[in-house]
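Trainee: I am new to this structure, and I would like to learn what the words used for it stand for. Could we go through it together?

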Amino acid sequence: MDTEVDHLRNIEHKRLRSLVDGDIALAKQLHADNFQLITPIGELLSKEQYLAAIASGYIKYLLWEPETIDVRIYGNAAVIRYQSQLELIFSGHKVPSSRYWHTDVYEKHEGNWQVVWSQATEIK
C-alpha cells in the first residue's frame with residue numbers, strides 16, 4: 001500500500017509541476033476527461049476550461065508548493081489532501097502568495113491514476 005501512496009504523491013507533484021510550467025500536454029494526461037475544479041472563489045471549471053485558462057495565461061501559477069500530502073486509497077479511487085503555498089496571476093492580476101487547503105479525488109483508469117475532482121480553499 002505504501003508504494004501506491006507514494007506513487008499518488010509523486011503523481012500529484014508531477015501534476016502541480018505541469019500546471020506551474022504550463023505543460024498542457026502532460027496536464028491533459030493527468031486530468032480525467034470529466035475533471036472538475038472548484039476554485040477558491042467557488043467557480044466550477046471543467047478540464048477544458050481549466051487547461052485552456054492556463055494555456056492562454058488567464059491563470060498563471062507562479063508558485064505552488066505543497067506540504068505533506070495525505071493519501072487514502074479505496075480500491076480504484078483515492079482522496080488526497082494537503083496544504084500549500086500558492087501564488088498566481090489571475091486575469092492579469094497578481095494574487096498575493098497565500099496558503100490553501102487542497103482536496104483531490106483520483107480514479108484509476110486503465111491502470112493509470114487521474115485526478116477527477118479538485119477543490120481549493122484559501123486559509124484565512
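**Terms and values, step by step**

Mentor: Glutamine 114 is a good place to begin; its place is in strand E7. Please keep in mind that this is a predicted model, where local features need pLDDT of at least 70, side-chain atom pairs count only at pLDDT 80 or more, and totals for chains, interfaces and linings use all residues. Residues are numbered from 1 along each chain as its sequence is written, and side-chain values use heavy atoms, with hydrogens and water left out.

Trainee: What makes E7 a strand?

Mentor: Strands (E, at least two residues) and helices (H or I, at least four residues) are DSSP runs, numbered from the N terminus. E7 covers residues 112-122, and glutamine 114 has its place there.

Trainee: Why is glutamine 114 called buried?

Mentor: Its relative accessible area is 17%. Buried means under 20%, exposed means over 50%, and partly exposed is in between (1.4 Å probe, protein chains only). Glutamine 114 is therefore buried, at 17%.

Trainee: Which residues does glutamine 114 touch?

Mentor: Contact means heavy atoms within 4.5 Å. Not counting residues up to four places away in sequence, glutamine 114 touches Lys28, Gln29, Leu30, His31, Ala32, Val105, Tyr106, Glu107 and His109. With Gln29 there is a further detail: the side chain of glutamine 114 reaches the backbone oxygen of glutamine 29 at 2.9 Å. A polar contact is a pair of N or O atoms within 3.5 Å; within protein, one must be able to donate a hydrogen and the other to accept it, and residues adjacent in sequence count only if both atoms are side-chain atoms.

Trainee: How do you know that E7 pairs with other strands?

Mentor: Two strands pair if DSSP finds at least two bridges between them. E6 and E7 pair in the antiparallel sense over 10 bridges, and four bridges join strand E1 (residues 31-38) to E7, with these two running parallel. Both pairings therefore fit the rule of at least two bridges.

Trainee: Which residues are bridge partners in E7?

Mentor: Isoleucine 38 has glutamine 119 as its partner in E7, and histidine 109 has asparagine 112. Glutamine 36 stands opposite tryptophan 117 in E7. On its pairing with strand E2 (residues 44-46), E1 has three bridges and runs antiparallel; there, the partner of isoleucine 38 is leucine 44.

Trainee: What is notable about phi in the turns?

Mentor: Most residues other than glycine have a negative phi. Glutamate 110 has a positive phi of about 50 degrees although it is not a glycine. It belongs to the hairpin of E6 and E7, which has two residues between the strands. Serine 91, in the loop between E5 and E6, also has a positive phi, near 55 degrees. In the hairpin of E1 and E2, with five residues between them, glycine 42 has a positive phi of about 85 degrees.

Trainee: Why is glutamate 110 called exposed, and why is serine 91 called partly exposed?

Mentor: Glutamate 110 has a relative accessible area of 83%, so it is exposed. Serine 91 has 33%, so it is partly exposed. Histidine 13, whose place is in helix H1, is partly exposed too, at 39%. Leaving aside neighbours within four places in sequence, histidine 13 is in contact with Pro66 and Ile69.

Trainee: What makes a space a pocket?

Mentor: On a 1 Å grid over the protein atoms alone, a pocket is an open set of points with protein on both sides within 12 Å along at least five of seven lines, whereas a cavity is a set of points where a 1.4 Å probe fits but cannot get out; lining residues have an atom within 4 Å of a point. Grid points are joined across faces, edges and corners, and a volume is the space filled by probe spheres set on the points. The largest pocket has a volume of about 370 Å³. Of its 20 lining residues, the closest to its centre are Thr39, Pro40, Ile41, Leu88 and Phe90. E7 gives the most to this lining, with four residues.

Trainee: How many residues of each class are in that lining?

Mentor: The lining of the largest pocket has 14 nonpolar, four polar and two charged residues. Ala, Val, Leu, Ile, Met, Phe, Trp, Tyr, Cys and Pro count as nonpolar, Asp, Glu, Lys and Arg as charged, and the others, Gly among them, as polar. The second largest pocket, of about 190 Å³, has four nonpolar, six polar and two charged residues in its lining. Among them are Gln29, Glu110 and Gln114.
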